[in-house]
Amino acid sequence: MSGKKILIIDDDQPLLLGLSARLKANGYGVVSAMDGISAIAVARKEAPDLIILDLGLPAGDGFLVLERMKGLADLGSIPVIVLSARDPAGNEKRVLDAGAVAFFQKPPDNHEFLAAIRQALGETIALSTFLKT
Amino acid sequence: MTSEATGQAEATEHLPTAVPILSPRGSDRLEESDGMELSPKLQADLLNLDAWGEILTTYGRTMGVGVALTDSAGQVLGDCHNAQPVWSLVHDARRDWGGGCPFCITTGPPCTAVADALQTGGSVMVHDQAALTHVAVPLLLGRRPLGAIIAGQVFDRYPEPLLLRRVAREFGVPAQQLWNVARKQHPVSSATLHASGELLCALGHAFLQQRYGAILETKLAETNGRFRLLVDGVTDHALFTMDPSGRVTSWNRGAERLLGYVEAEIIGRNFSCIFTPEEIQDRQPEKQLHKAWQSGRAEDEGWRVTKSQKQFWANVNITALLEGPGPARGFAIIMQDVSERRKIAIVLEAARQDRTRLQENFLSHVSHELRTPLTAIYFFTTNVLDGLLGDLNPEQHEHLTFSLDNVKQLKDMVSDLLDITRVDTHKLVVEPQHASSGKLVAEILSTCRTNAAAKNISLGSDLAPDLPYVWADPARVRQILINLIDNGIKFTPENGTITVTSRLSAEDHGFLCLSVSDTGCGISPENREIIFDRLSQVKSSAEASRSGLGLGLFIAKELVSRHGGRIWVESELGHGSRFSFTLPVFSLAKLCAYVFTAPNLGAGSVTLIAVDVAAVEGAVQADILLEVRRVLERCIHAGQDLLLPSMSDAEPVETFFIVACTDARGSAVIASRIDRALQDFDRASRLKPVISSTTLPVVPGQSREEQIGELTARIEQLVQAHLLGKETLK
């Protein structure tokens, strides 16, 4: 149990519930935000160790949220994993360029996804084999 | 009467006998005219009396004989020139003697001299009842009878009073008068008549030939005139001709209307004046003439310019006017303004693209919308299945495993849905590269092993050693293989086996064959036919568990065919199936053949340039290397130089190889261009590029195939040595 805190930014309530359960079972604390505007506020308030970000969000596209966070001194260093239903073609490179550490298309494979989270949190090393290149 | 040749006339006294005195003439212009239609008008033209009159009269007067022109039935056309008095006397007394030769004085069967002459093709000499002699000379156009010339009505010796008396009695002419007339006539010897017949035959033939030529020429002139009228009458097409250098030699009204120049100002000018300045710069006018000269004709669509500098979209046909081998005598151009058609085509294409875009957007939206709920279901199912919410009994576990399987199927279907749109919109892109099939198979097996293990299926591979590299898109090969393996797992019962094999294809030369065999239920023959079709769903009871949109194999087939390979299945119901597909083997020679053209190799040398890209600190990022590749692509001449695909397995690839059809000096120019471009690209100076080169001579006198073979073998060695050398340096 690392006790690290993960912020999930996604507007889909069932997804939040399902993913939270999985993360909690792996020992993480979970907080969530359901739109682009509250995302920044929640991130500021909760100071998470990692952010899981959806791209299609009400009130602020995921890209905007990502770019804004990366531009903020207090949030810029928090690793962001993008989890989106969108096609990796085009989007993957764009989010990585904008500073995200990984891109997963929904639905992700639990093992690969958790491995990426652990790596982003610096909990494991040499897990590059699980990382999508 | 007697026949000159046979002398058998006594028995058949009243039957004029005929013998040919000239053999048919050899082949000449008239012979060649056999194919021409002998129309009544042409026939009449050839036998025009005015034209023949002079020659016949002259002949008759010179020889002292009568002469007449007949048609092919032997009927005299017009008058008899220089008619002889004996014949005139008898003719005037009895105008009713029958058909055949009208020169004959006979009460027996009609003379067949003309028919015989036409039949034999030579002159025929005849003695008639009055012992008058005449010849018939055939006029033949090729082998077709046209008519004849009859000459004669002369005695070949002193007239016989007995015979004359009989003729006088039979024809009702006063005997004394006939005798008086006949006595005044000078006999013409048989030999003279014979020679004269020969002469007449030659004369007639020559004259006919001349007359025929004159008629043909008149006709040709008429046709030309009519053609000219036709060409000028065409106003919606520009029709014009040019000399071999492209100078305009004729210009119709359509050309004037379309291009604005009148005939007087364009004749003699080079037709390049109707091209756009860019195309003149690009030497398009010369190129098009050259192409037309080489292949007989050239077709083009493009912008052309009118005299008032207005541009229009033209459809152009250039035909080379060739006369046997050798340079063209000139060119004929047909040009049409198709600007309207082009506008419509552009609008239609835009509409088609719009529709495709809409369809793609729609499917991409649907796929996106399906993925969100699918993700929630996936999380809930796996959470419960993994015991996050407490233990499950075996039945619950089983049901949820089915549920998870279905989620995965749905996920694949959603992915397929997008791929199928890409097939339709031609966006299913395959980016082939130099790849190792062994490495690919190993990677894929490790990915699929979990799935196979879940059903206790053993998943193995049987790869032939030392397989060559393939020219394929690794991501797409992965997609094809995973699809085939997943299918195998789906249809193979527990404890079965799935084997991936790779070998050189025995049937398809230059291809590698990858197969996935399973020990599953197999596929019936009729289904084997349709299994690769779009939306095929095998519906038999044995295969009822088959699921999915039926798109997987269709997409696999599309992907394989975009690689240039083929895919097929062999199967036995109840014993399993083997899916095989082929991928092209990487061939440096094939790749290089594109730039190793005869002119490029003619330069005499080829240079291999190696660009090693290392980072000042650590390794170079894969995406940076991709950018570097793009920079290098811009530094080379397409069509003359070639940037090779990554040739090493080491990742990231840090050496780029360029095959340049140039010598050491030319490659120095390329190297400095690359150096500058990389400096421009890498302003932060994170990269350390090192450029080296080796120049290879092209052996003259070899065939191009031999040259390519030798060069690519040397390049392959150099590439391997370079990569090895770098390996050792490290």
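The following paragraphs describe a predicted model of a complex, beginning with confidence and moving on to two sheets, a helix and a single buried threonine.

Local features of this predicted model need pLDDT of at least 70 and side-chain atom pairs count only at pLDDT 80 or more, while totals for chains, interfaces and linings use all residues. Residues are numbered from 1 along each chain as its sequence is written, chains are lettered from A and ligands numbered from 1 in the order in which they are written, and side-chain values use heavy atoms, with hydrogens and water left out.

The predictor assigns the complex an ipTM of 0.87 and a pTM of 0.47. For chain A, the average pLDDT (the predictor's confidence in each residue, from 0 to 100) is 87, and 91% of the residues score at least 70. Residues 125-133 of chain A have pLDDT below 50, and this stretch has 12 contacts (heavy atoms within 4.5 Å) beyond near neighbours in sequence. Chain B averages 81, with 88% of its residues scoring at least 70. Two stretches of chain B stay under 50: residues 1-35, with 93 contacts beyond four places in sequence, and residues 540-546, with 13 such contacts. Where pLDDT is low, the predicted coordinates should not be read in detail.

We may turn now to the sheets of chain B. Helices (H or I, at least four residues) and strands (E, at least two) are DSSP runs numbered from the N terminus, and two strands pair if DSSP finds at least two bridges between them. Strands of a sheet pair through backbone hydrogen bonds, either parallel or antiparallel.

An open sheet of 5 strands in chain B follows the order 13-15-16-18-17, with mixed pairing. Its edges are strand 13 (458-463) and strand 17 (567-572) of chain B; each has a single partner strand, so one side of each is left without a neighbour in the sheet. Direction ignored, neighbouring strands of this sheet are turned by 15° against each other on average. Within this sheet, strand 16 of chain B (residues 511-518) is mostly covered, with 8 of its 8 residues buried (under 20% relative accessible area, as against over 50% for exposed and in between for partly exposed; 1.4 Å probe, protein chains only). The cover extends to both faces: B:F511, B:C513, B:S515 and B:S517 are buried on one side, and B:L512, B:L514, B:V516 and B:D518 on the other.

Strand 16 of chain B is joined to strand 15 (residues 497-504) of chain B by 7 bridges, the two running antiparallel, and B:D518 has B:I498 opposite. These two strands form a hairpin with 6 residues between them, and B:G510 in the turn has a positive phi of about 85°. Strand 18 (residues 576-584) of chain B also pairs with strand 16 of chain B in the antiparallel sense, over 7 bridges, and B:F581 is the bridge partner of B:L514. Strand 17 of chain B runs antiparallel to strand 18 of chain B, with 6 bridges between them; here B:W568 stands opposite B:S580.

A further open sheet of 5 strands in chain B has the order 8-7-11-10-9 and antiparallel pairing. Strand 8 (248-251) and strand 9 (297-305) of chain B are its edge strands, each pairing on one side only, and the twist averages 25° from one strand to the next. Strand 7 (residues 238-242) and strand 11 (residues 330-337) of chain B run antiparallel and share 5 bridges, with B:F331 as the bridge partner of B:M242. Helix 13 (residues 339-385) of chain B packs on the sheet, touching strand 9, strand 10 and strand 11 of chain B, and its direction makes about 120° with that of strand 10 of chain B (axes are lines fitted to C-alpha atoms, for helices over the stretch in contact, and angles run from 0 to 180 degrees between N-to-C directions). Helix 12 (residues 284-295) of chain B lies across strand 7, strand 9, strand 10 (311-321) and strand 11 of chain B, at about 165° to strand 9 of chain B.

In helix 5 (residues 113-120) of chain B, the buried residues are B:A113, B:V114, B:A117 and B:L118. They cover an arc of only 130° around the axis, which puts them on the same side of helix 5 of chain B; the arc is that of the directions from the helix axis to the C-beta atoms. Their cover includes strand 2 (66-71), strand 4 (124-127), strand 5 (132-141) and strand 6 (144-155) of chain B. Just after helix 5 of chain B, B:G121 takes a positive phi of about 80°.

Finally, B:T655 belongs to strand 21 (residues 655-660) of chain B. B:T655 is buried, with a relative accessible area of 4%, and its side chain makes a polar contact of 2.7 Å with that of B:D612. A polar contact is a pair of N or O atoms within 3.5 Å; within protein, one must be able to donate a hydrogen and the other to accept it, and residues adjacent in sequence count only if both atoms are side-chain atoms.
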